[in-house]
Amino acid sequence: TTHEETLGFQTEVKQLLNLMINSLYSNREIFLRELISNAADACDKLRYAALDNDGLYEGDSELRVEIEHDADAGTVTLRDNGIGMNRDDVIANLGTIARSGTAEFLQQLSGEQQKDAKLIGQFGVGFYSSFIVADEVTVRTRKAGDDVAAGVEWRSKGEGEFTIADIESPQHGTEIVLKLKDDAQEFADDFRLQNLVRKYSDHIEVPVRMLKTETAKDDDGNPIEGSEVTTWETVNEATALWVRPKSDISDDEYKAFYKHVAHDFSDPLTWSHNKVEGKLEYTSLLYVPGRAPFDMFERDGARGVKLYVQRVFIMDDAEQFLPLYLRFIKGVLDTRDLSLNVSRELLQQDPKVDKIKSALTKRGLDMLKKLAKDTEQYQTFWNTFGSVLKEGPGEDAANREKIAGLLRFASTHTDTAAQEQGLADYVERMKEGQQKIYYVVADSFNAAKHSPHLEIFRKKGIEVLLLSDRIDEWLMSHLTEFEGKSFADVAKGELDLGDVEDEAEKKEQEETAKAKESLVKRVKEALGDGVQDVKVTHRLTDSPACVVLPEHEMGYQMRRIMEAAGQ
Ligand code: ADP
Ligand code: MG
């Protein structure tokens with residue numbers, strides 16, 4: 001009995017397959033990257049599992065990926081002797097997409113090829129990208145350590161369903177056979193494949209091998225018939241990238257490795273590669289992506305680094321090594337300071353983890369500081385991840401000042417919604433005698449820009465930061481100082497313009513206040529308990545009146561968030 005059954009793909013998979021095949025046509029060589037990446041991951045996983053039980057190698061501990069092609073049959077085959085999959089794994093991994101937010105993500109797709117290609121790249125197509133070049137895909141796999149009879153064959157034309165059957169499989173690991181579409185026959189070519197393998201897997205530690213046939217030649221240089229010898233030859237460099245000296249690694253290699261680690265299609269914005277010896281011993285290679293993953297704001301979105309201990313892969317998404325506000329950073333951490341049998345639970349208790357986390361946080365912030373020297377690149381970063389970085393001052397008091405230096409705001413300096421002004425720029429432009437950094441918070445940029453509280457500031461030419469992101473008020477409640485200057489909400493408490501005002505102005509204000517005492521009294525009586533106090537103000541130049549909050553009162557935005565949370 002082969003226990004064969006035909007199952008339908010999850011709706012999301014069907015949608016993804018359709019969209020992908022249409023929109024990634026011009027990018028289709030990436031299927032090879034995805035499949036090699038999976039094979040390398042599978043080898044990493046077996047090596048990790050075998051730490052506890054080396055019987056899982058089944059006598060074959062030389063991990064490797066093999067690629068073969070057959071131009072006549074129009075096929076490309078990838079084979080790995082990694083961890084493999086059992087029947088349940090196959091159904092879950094090659095029949096569904098388990099990530100939360102997938103359905104919402106798919107709804108954003110428009111049918112416009114270029115736009116969708118970008119979005120899908122951001123989502124990560126993985127195994128399903130096989131169907132960009134193949135009209136039929138066969139996967140034969142067996143989980144390492146399982147019975148020979150527990151092999152599984154998965155077969156699909158990518159059209160809504162797949163067939164799954166039990167098979168005998170003497171060899172553990174996974175073999176994938178792609179039957180190439182008519183217009184994708186170019187990939188069943190030795191030269192083409194070799195180039196792609198180098199491009200996509202030089203940085204991967206596991207060797208990727210291809211068959212090479214050598215023919216002996218006679219004295220005249222003519223091939224000797226029948227002398228062909230075919231052997232496996234390793235095509236990639238097969239050294240983990242981060243282990244190599246920085247000076248040896250090209251930008252292209254760094255970028256290719258990023259795509260493997262981050263499951264991203266596009267280039268990273270920047271990276272930072274460090275080897276540290278001493279009290280802590282680790283190598284880290286951290287990247288800032290060029291764009292946000294689709295699930296950045298999902299609670300359970302993948303984040304963290306790929307963790308290795310002494311070059312042995314331990315886990316993906318080790319989130320203990322970076323703070324939440326740097327969750328966009330991707331990369332690798334390889335350390336000697338943890339034991340090989342470390343688990344997620346153990347990570348939570350190990351004091352060394354906190355030390356490495358502080359060190360990586362510093363690396364991450366330094367990397368951003370460096371990036372900030374390139375205004376244009378930094379703006380791309382800020383527009384993508386700024387709202388995440390704004391969580392920083394609240395989460396990480398120790399690095400508050402450093403993070404503050406990386407923030408960017410809209411301000412009355414330009415009066416545009418673009419968040420481009422750093423606090424250092426603001427401080428540099430401060431008026432003589434000005435002691436505070438002024439800001440206003442509102443629900444939208446326009447509301448902030450037209451706030452009546454700004455009138456006096458505009459009149460005096462004092463710059464005010466215009467804040468309107470949801471997180472801004474919370475951010476400002478944690479930012480107390482920058483370069484020794486405190487922050488002041490222009491809509492709260494007494495208006496104090498410091499020494500920007502001269503004595504004569506102050507005196508004039510006091511006189512006005514006196515003259516209007518009876519008016520103030522009448523307004524106070526009219527408003528009754530609705531207000532705490534009524535005062536004559538010089539905040540305004542055009543508007544007749546405005547509402548001011550007491551110094552330590554929760555702001556409107558914060559209050560609304562609390563109310564929404566039922567408090
Ligand atoms: P991702 O690699 O981002 O998880 P993929 O679509 O590429 O997504 O792969 C889905 C899952 O299928 C993998 O997470 C893995 O569990 C499984 N898988 C794919 N290829 C292999 C393989 N060669 N060996 C073992 N498992 C694999
Ligand atoms: Mg993958």
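Which residue in β8 is the bridge partner of E66? The first legend below has the answer, and every view comes from a predicted model.

**View 1. Strand β8 pairs with β2 and with β9.**
Start with the opening question: E66 has R209 in β8 as its bridge partner. Strand β2 covers residues 65–70 and strand β8 covers residues 208–214, and the two pair in the parallel sense over three bridges. Strand β8 is also joined to strand β9, residues 229–234, and here six bridges link strands that run antiparallel. To find your way along this pairing, look for T213, which stands opposite T230 in β9. As background, the strands of a sheet pair through backbone hydrogen bonds, either parallel or antiparallel.

**View 2. Strand β14 is mostly covered.**
Of the six residues in β14, six are buried. Try looking at one face and then the other: K330, V332 and D334 lie on one side, while G331, L333 and T335 lie on the other, and all of them are buried. Next, look at the strands that pair with β14. β11 and β14 pair in the antiparallel sense over six bridges, and Y287 stands opposite K330 in β14. β12 and β14 pair in the parallel sense, over four bridges. In this parallel pairing, L307 has L333 of β14 as its bridge partner.

**View 3. Helix α8 has many buried residues, among them Y254 and F257.**
This helix runs over residues 251–262, twelve residues in total, and reaches 16 Å from its first C-alpha to its last. That is close to the 16 Å expected at 1.5 Å a residue. The buried residues of α8 are Y254, A256, F257, Y258, K259, H260, V261 and A262. What do these buried residues pack against? Their partners are α2, α7 (190–201), β10 (268–276), β11 (282–289), β12 (305–309) and β14 (330–335). Just after the helix comes H263, with a positive phi of about 55°.

**View 4. Ligand 1 sits among 15 surrounding residues.**
The closest of these residues are N38, A42, N93, G126 and F127, so they make good landmarks. Which helix gives the most to the shell around ligand 1? Helix α2, residues 30–50, does so with four residues. By kind, the residues of the shell divide into five nonpolar, eight polar and two charged.

**View 5. The largest nonpolar core holds 127 residues.**
Y439, V440 and V464 touch the most other members of this core. The largest share of the core comes from α2, with nine residues. Zoom in on Y439 and leave aside residues up to four places away in sequence: Y439 then touches V464, L465, L467, M476, F487, D489 and V490. A general pattern is worth remembering here: in soluble globular proteins, nonpolar side chains tend to be buried together.

**View 6. Five strands form an open sheet with mixed pairing.**
Follow the strands across the sheet in the order β15-β17-β16-β19-β18. Which strands stand at the edges? They are β15 (410–411) and β18 (481–482), and each has a single partner strand, so one side of each is left without a neighbour in the sheet. At the β15 edge, two bridges join β15 to strand β17, residues 464–467, and the two strands run antiparallel. A410 is a handy marker, with L466 in β17 as its bridge partner.

**View 7. A238 and E483 are residues other than glycine with a positive phi.**
Most residues other than glycine have a negative phi. A238, however, has a positive phi of about 60°. Look for A238 in the loop between β9 and α8. Is A238 buried or partly exposed? A238 counts as partly exposed because it has 17 C-beta neighbours inside 10 Å, and being buried takes 20 or more. E483 has a phi near 45° and lies in the loop between β18 and β19 (485–489). E483 is also partly exposed, with 14 other C-beta atoms within 10 Å.

**View 8. Helix α19 is hardly covered.**
This helix spans residues 517–527, and among its eleven residues the count of buried ones is zero. Following α19 is G528, whose phi is positive, near 55°.

Conventions
Residues are numbered from 1 along each chain as its sequence is written. Chains are lettered from A and ligands numbered from 1 in the order in which they are written. This is a predicted model: local features need pLDDT of at least 70, side-chain atom pairs count only at pLDDT 80 or more; totals for chains, interfaces and linings use all residues. A residue is near a molecule or strand if its C-beta atom, placed from the backbone, lies within 6 Å of it. Ala, Val, Leu, Ile, Met, Phe, Trp, Tyr, Cys and Pro count as nonpolar, Asp, Glu, Lys and Arg as charged, and the others, Gly among them, as polar. The expected span of a helix is 1.5 Å times one less than its number of residues. A residue is buried if 20 or more other C-beta atoms lie within 10 Å of its own, exposed if 12 or fewer, and partly exposed in between; C-beta atoms are placed from the backbone. Two residues are in contact if their C-beta atoms, placed from the backbone, lie within 7 Å. A nonpolar core is a set of buried Ala, Val, Leu, Ile, Met, Phe, Trp, Tyr and Cys residues joined through C-beta atoms within 7 Å. Two strands pair if DSSP finds at least two bridges between them.
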